[in-house]
Amino acid sequence: MTVGKILLPLRPHRTSTLSSSPSVGDGAAGLLFEGLKLIHSTRKLRMADETGAVDAKSTEQWLEHAKLLVPAAIEKAGSVKCFTGRWKLVLSKLEQVPSCLSDLSSHPCFSKNSLCKEQLVAISNTLNEAIELGGRCSEENTGGKLQMQSNLDALSAKLDLNLHDCGVLIKTGVLGESTPSPATAKPGSGEQPVTAKLNVRELLARLQIGHIEAKHQALDSLVEIMKEDEKGVLSVMGRSNISALIQLLSARSPKIKEKAADVVCSLAESGTCENLLVSEGVLPPLIRLVESGSSIAKEKATITLQRLSMAVETARSIVGRGGIPPLVEMCQTGVSVSQAAATGVLKNLSAVPEVRQSLAEAGIIKVMIDLLDSGILLGSKEYAAECLQNMTCSNESLRRQVVAEGGVQRLLAYIDGPLPQESAVAAVRNLVGSMPLESLIDLGLLPRLLHVLKAGSLGAQEAAASAICRICNSMETRKLIGEIGCIPLLVKMLEAKTNSAREVAAQAIGNLIAFPQNCREVKKDEKSVPSLVQLLEPSMHNTAKKYAIFCLAAVSSSKKCKKLMISYGAIGYLKKLCELDVPGSKKLLERLKRGKLRSLFSRK
């Protein structure tokens with residue numbers, strides 16, 4: 001099989017061709033076999049020496065061959081009289097080769113692992129080159145001073161690579177496993193799933209050794225395998241492998257960056273590697289990709305940052321490393337997915353109080369307001385609303401800036417949708433005190449709050465009830481809220497599943513009930529008294545009881561309401577609340593007891 005024929009199935013759009021091949025096992029094991037076969041075939045073609053193919057010699061023979069070349073290379077390097085500085089550097093590296101060979105060959109599985117053989121061929125080729133260049137320098141046949149300097153620099157770099165790769169092979173632990181050669185493994189057999197993890201480990205090792213082309217091929221295979229068996233790859237992923245992937249984010253080739261960003265994105269989304277990614281330095285290259293990468297690399301990098309920025313310390317690090325400007329630009333110019341992810345990152349950053357001012361200075365408020373109207377994906381608008389909620393939760397200066405940029409109008413328009421979002425309602429609630437109430441009412445705040453109470457999620461309803469509590473500062477406002485029909489919806493909220501929703505509903509009713517017509521509305525609602533009595537439950541977790549007492553006291557002038565309170569067990573609850581000294585409980589209990597006595601006398 002030629003290299004060209006192997007390359008085609010590894011492309012993403014030809015996955016079906018690969019999986020249907022009769023010579024390859026199904027699923028991840030088949031992909032892994034074919035990918036490793038490609039790498040082995042290509043590397044063998046590259047590393048064949050002048051006398052024939054690599055397979056002509058065993059691993060042990062290549063070791064002996066390299067050992068024979070070392071003394072000759074050292075002798076040549078030490079005897080050259082020109083370019084002495086460069087040759088001295090080469091000699092210092094050549095002298096490290098024997099210990100490198102010793103470490104490699106002393107491993108029990110040395111002869112069984114194809115990586116060892118490939119590494120010995122690479123070292124032998126470098127030693128041959130050193131001997132050749134040394135001979136040319138000794139004969140003063142340099143072919144030009146600048147050319148020879150360049151050749152010696154390249155030789156020094158190759159020695160660095162050889163020494164580095166030997167160290168990596170020993171450190172990765174891949175040599176500790178007897179990995180069958182992909183060329184001799186039996187595709188489709190029952191043995192492949194057993195060896196899959198070992199071969200994945202070999203692929204991960206290849207990300208750290210050799211030239212960039214070999215790393216690119218290993219990355220290609222890894223991407224294909226992760227499509228079929230992501231969990232299997234993650235199970236053998238270690239610190240050194242993650243570090244190698246992060247380094248590939250800064251490769252010169254845009255394609256390698258894209259594929260590395262894809263794998264790193266999968267690692268971040270797995271939820272198991274976030275801390276390791278950050279500790280290994282993934283943030284700077286990701287920010288660079290957001291700033292100047294290809295569209296694919298930008299998208300993957302931004303999605304990764306969105307996941308990582310959920311951690312507060314990582315969010316601070318992104319800000320400290322200059323991540324805000326490229327993310328803001330992405331929100332303004334990015335395509336759909338990238339824009340949504342960038343907005344998500346900024347939303348996560350805005351959750352950290354000490355960075356909000358930096359975000360505001362970068363122009364994030366206007367950008368988020370614009371996204372409420374022009375965001376390509378619904379996710380962009382949701383994240384923008386959440387970001388504005390965070391930015392307005394505690395800083396009055398930022399609230400005024402949102403108001404000045406027309407944020408209230410955009411938020412109210414966004415709330416008009418069929419499923420009003422909690423974050424947008426909460427942002428409006430935060431802005432209630434930052435502009436005149438008359439202006440808010442003129443902009444249509446009250447109908448929007450009614451819409452949320454009818455159609456919003458429980459969280460959105462809770463935020464709407466909270467906003468009602470904040471604007472009930474006059475009888476006129478209470479009257480308007482009652483007239484549009486909010487009270488029955490708030491009474492219904494008294495039966496909500498969460499304590500916080502029940503509490504804020506009771507508080508809102510307590511505010512509205514001060515207007516006589518609203519009080520009559522509560523009395524007429526059949527569910528109001530029973531629901532409020534249930535909120536008298538004396539548990540410490542029930543924070544709604546103080547508001548329930550206030551509401552029940554307000555309607556206790558009605559004989560019908562009193563009877564309902566007594567029949568639903570209000571006296572028993574109030575006795576316990578009196579023991580806990582809850583304000584208002586004693587007075588309400590006395591009123592109900594008097595009503596009960598009158599009822600008994602009237603029956604007699």
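**Notes on a predicted helical model**

1. Let's start with one residue. Leaving aside residues up to four places away in sequence, Gln339 touches Met330, Cys331, Gly334, Leu371, Gly375, Ile376, Leu377 and Ser380. Keep in mind that this is a predicted model. Gln339 itself sits in helix α18, which runs over residues 336-350.

2. Is Gln339 buried or exposed? Gln339 has a relative accessible area of 4%, and buried means under 20%, so Gln339 counts as buried. Its side chain still finds polar partners. It reaches the backbone nitrogen of Ile376 at 3.0 Å, and it also makes a polar contact with the side chain of Ser380, at 3.3 Å. Ile376 and Ser380 are both among the residues that Gln339 touches.

3. Now zoom out for a moment. The protein has 36 helices and zero strands. Of its 604 residues, 50% count as buried. Take the contacts with a separation of 6 or more: residues 24 or more positions apart account for 72% of them.

4. Another buried residue to look up is Asn151, in helix α8 (residues 145-172). The relative accessibility of Asn151 is 18%. The cut-off for buried is under 20%, so Asn151 counts as buried. Its contacts, not counting residues up to four places away in sequence, are with Glu129, Leu133 and Arg136.

5. Next, some helix pairs. Two packed helices are described by the angle between their axes and the distance between the axes. For α26 (residues 445-455) and α29 (residues 486-493), the axes come within 10 Å and cross at roughly 35 degrees. That crossing is left-handed. From α26, Leu450, Leu453 and Lys454 meet Cys486, Leu489, Leu490 and Met493 of α29. Sorted by class, this contact has six nonpolar, no polar and one charged residues.

6. Try α30 (residues 499-512) and α33 (residues 545-555) next. Their axes come within 8 Å and cross at roughly 35 degrees, and the crossing is left-handed. On the α30 side, the contact is made by Glu503, Ala506, Gln507, Ile509 and Gly510, while α33 brings Tyr547, Ala548, Phe550 and Cys551. The classes here are six nonpolar, two polar and one charged residues.

7. Which residues of helix α31 (residues 516-524) are buried? They are Asn518, Cys519 and Val522. Looking down the axis of α31, these buried residues fall within an arc of 105 degrees, so they line one face of the helix. The elements covering them include α28 (475-483), α29, α30, α32 (528-534) and α33. You have already met α29 in its crossing with α26, and α30 and α33 in their crossing with each other.

8. Helix α34 (residues 559-567) is a nice one for practice. Cys561, Lys562 and Met565 are buried there. They cover an arc of only 100 degrees around the axis, so they end up on the same side of α34. Turn to the other side of α34 and you find Lys559, Lys560, Lys563 and Ser567, which are exposed. Watch the lysines: Lys562 is buried, whereas Lys563 is exposed.

9. One last detail to check in the viewer: α34 is followed by Gly569, and the phi of Gly569 is positive, near 90 degrees.

Definitions and conventions
Residues numbered from 1 in each chain as written. Predicted model: local features only at pLDDT ≥ 70, side-chain atom pairs only at ≥ 80, totals over all residues. Heavy atoms only, no water. Helix = DSSP H or I, 4+ residues; strand = E, 2+ residues; numbered from the N terminus. Buried < 20%, exposed > 50% of the residue type's maximum accessible area, 1.4 Å probe, protein only. Polar contact = N/O pair within 3.5 Å; in protein donor to acceptor, adjacent residues only side chain to side chain. Contact = heavy atoms within 4.5 Å. Axes fitted to C-alpha atoms, helices over the stretch in contact; angles between N-to-C directions. Left-handed = near helix turned anticlockwise from the far one by under 90°. Nonpolar A, V, L, I, M, F, W, Y, C, P; charged D, E, K, R; others polar. Arc of directions from axis to C-beta.
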